[in-house]
Amino acid sequence: MSRLLEVAGVAVSPHHYIGGQRVPSPERFDLSSPIDQQSLGSIAEGLAEHVDSAIVAAQRAFPGWSKLTAAERKTYLDRFAAEIGKRADDFCRLESTDAGVLLSRMRHGVVPRAMLNITYFAEHALTLQERAIDTDQAHHIVRHDPAGVAVIITPWNSPLMLTTWKLGPALAAGNTAIVKPPEWAPLTCSLLADCADAAELPPGVLNIVQGSGAGTGAKLVGDPRIARISFTGSVPTARLIAQAAGANLVPCSLELGGKSPFIVLDDADLDGAATTAALMYRNAGQVCLAGTRLLVHENVLETFVAIMGGYVEKLRIGDPRDEATEIGPIIHQRQVERVKGFVDRAVAGGAKVLWGGGLHKFGKQYFQPTLITNVRQNDEIVQNEVFGPVLTLQTFASDDEAVLLANGTDYGLGGVCYGETAHATAVAERVETGFIWVNSFGIRDLAAPFGGIKRSGIGREGGDWSFEFFSNVKDVVVPKKPFRASFSHR
Ligand code: NAD
């Protein structure tokens, strides 16, 4: 078996993790860092045989894992989270180098959150009780039984956070899991396997098969032996996954892209709104729930733009490993070209660039925070997700107009609404999304539902909703009076 990769001073396995073993592949794919395009080596590509053996391993582990009590599973999962904590520094350096996520965000946000993603759901599983429904006829015992093998597929913009967000509830609910990490940033998922090993999770409870979406991912989601698919990613991929899930009638949860409105009403705290708006450039705009369409009341437009411009000017763009950096690189050269294409086509169509608009001098994969105005509601840049540091600006004259613009895309993930609290809340309630923040942004509680409507997804995860998805709900019906079969009986 070939050696470990050495990335950012961290030794990480390039192999799959199947049935508690590292498994190499005759085919590998290359990785490079978004920071400076340096090669990070190559890792195993998942072939049909790897997908098959991961499913077999997960199926074998299922009876033992699913029969444990929630408290027994919690012991394993708490140990797993503690192992993630022990390697916090490694996770930070690795994901910063591999995915370009800010080191400071990894340290203060992502790693603690990844641990909580595991411990919260392990704890929450203890509180799940059989529900009793009593009627005149019968006593119903409603159970949440583990579903089987769960396939988890995640994107590159925050691999550790997004993977553990699904893995925590899947395992706590008694399923076994196969993770297919994003091919542009798979390394922190490989480190997760080391943590599972150190925590002595039973072999096959967690399996990791690396590889491309069209190859490895498609094989996994198309296999009839799996019981659940939990996917985070783009709309075109979700359509393919939903087709594969539909063919086998496998339930799937789809957390997809967004084009969320950021509404600034005329009674908003403009300074507060402007600092939050500048935050939309975080992670180089590669954030599904960012409010990327600024909708600003015409009475406050000039002041708002001036304040926001001041904050944007001060944003520190650079190497994500530098703790002072506020905006890092875009994940891949192809994504840079995609972002640039959106801006160039908008400008060719008559849009104006208020700031930014092109590559940043720091390097080939760094894009300037950009604000585009003079756009129409049907323009591509207003309708489609850019997934880069590019916001659009439109104005409105009334609440009704703000709501009309906010709801005028096919997406419905999130939103932000700034204004006097009662006013902003009333407007927020009319916006068609899965969630919306009033005078705030990014408050995420694991107990709350998360997910989108329209093209932004199907299903909700978080709290009880995750357990609804990762369980088979079963009604055990016990009649209250002696039962004798009869053809007239309904
Ligand atoms: P993507 O859809 O291209 O890929 C996501 C994952 O799906 C990757 O692991 C990829 O390998 C895999 N995949 C691709 N084709 C597949 C197939 N046919 N079968 C199975 N798996 C396949 O998305 P991306 O470009 O990696 O990520 C960006 C997208 O993710 C954006 O649209 C963003 O909004 C979305 N996103 C959504 C959320 C959310 O919670 N709603 C969070 C983060 C990112």
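Reader: Which residue in β10 is the bridge partner of Ala 150?
Author: This is a predicted model, where local features need pLDDT of at least 70, side-chain atom pairs count only at pLDDT 80 or more, and totals for chains, interfaces and linings use all residues. Residues are numbered from 1 along each chain as its sequence is written, and side-chain values use heavy atoms, with hydrogens and water left out. Strands (E, at least two residues) and helices (H or I, at least four) are DSSP runs, numbered from the N terminus. In β10, the partner of Ala 150 is Ala 177.

Reader: How many bridges join β9 to β10?
Author: Two strands pair if DSSP finds at least two bridges between them. β9 covers residues 149-153 and runs parallel to β10. The number of bridges joining them is five.

Reader: Is β10 mostly covered or mostly open, and how many of its residues are buried?
Author: Buried means under 20% relative accessible area, exposed over 50%, and partly exposed in between (1.4 Å probe, protein chains only). Thr 176, Ile 178 and Lys 180 point one way, Ala 177 and Val 179 the other, and all are buried. In a regular strand, side chains alternate between the two faces of the sheet. β10 (residues 176-180) is mostly covered, and its buried count is five of five.

Reader: Which residue in β11 stands opposite Val 179?
Author: β10 pairs with β11 (residues 206-208) over three bridges, in the parallel sense. Opposite Val 179 in β11 stands Ile 208.

Reader: Through which helix does the chain cross from β10 to β11?
Author: β9, helix α5 (residues 159-172) and β10 make a right-handed β-α-β unit. Right-handed means that, with the strands pointing away from the viewer, the path from the first strand over the helix to the second runs clockwise. The crossover from β10 to β11 is also right-handed. Its helix, residues 187-198, is α6.

Reader: What is the strand order of the open sheet of three strands?
Author: Its pairing is antiparallel. β7 (131-134) and β24 (471-479) are the edge strands, each pairing on one side only. β8 (residues 138-146) is joined to β24 by nine bridges. The order is β7-β8-β24.

Reader: Which residue in β24 stands opposite Pro 146?
Author: Strands of a sheet pair through backbone hydrogen bonds, either parallel or antiparallel. β8 and β24 run antiparallel. Opposite Pro 146 stands Ser 471.

Reader: Why does the salt bridge of Arg 225 and Asp 52 tie together parts that lie apart in sequence, and how many residues apart are they?
Author: A salt bridge is a side-chain nitrogen of Lys or Arg within 4 Å of a carboxyl oxygen of Asp or Glu. Here N and O are 2.8 Å apart. Arg 225 is partly exposed at 32% relative accessibility, and Asp 52 at 34%. Arg 225 lies in the loop between α7 (213-221) and β12 (228-232) and Asp 52 in helix α1 (residues 48-67), so the separation of the parts they tie together is 173 residues.

Reader: How many residues apart are the parts tied together by Asp 134 and Lys 480?
Author: Asp 134 forms a salt bridge with Lys 480, with the closest N and O atoms 3.1 Å apart. Lys 480 is partly exposed, at 45%. Asp 134 lies in β7 and Lys 480 in the segment after β24, so the separation is 346 residues.

Reader: Is Asp 379 buried or exposed?
Author: Asp 379 forms a salt bridge with Arg 376, the closest N and O atoms being 3.2 Å apart. Arg 376 is exposed, at 52%. Asp 379 has a relative accessible area of 17%, so it counts as buried.
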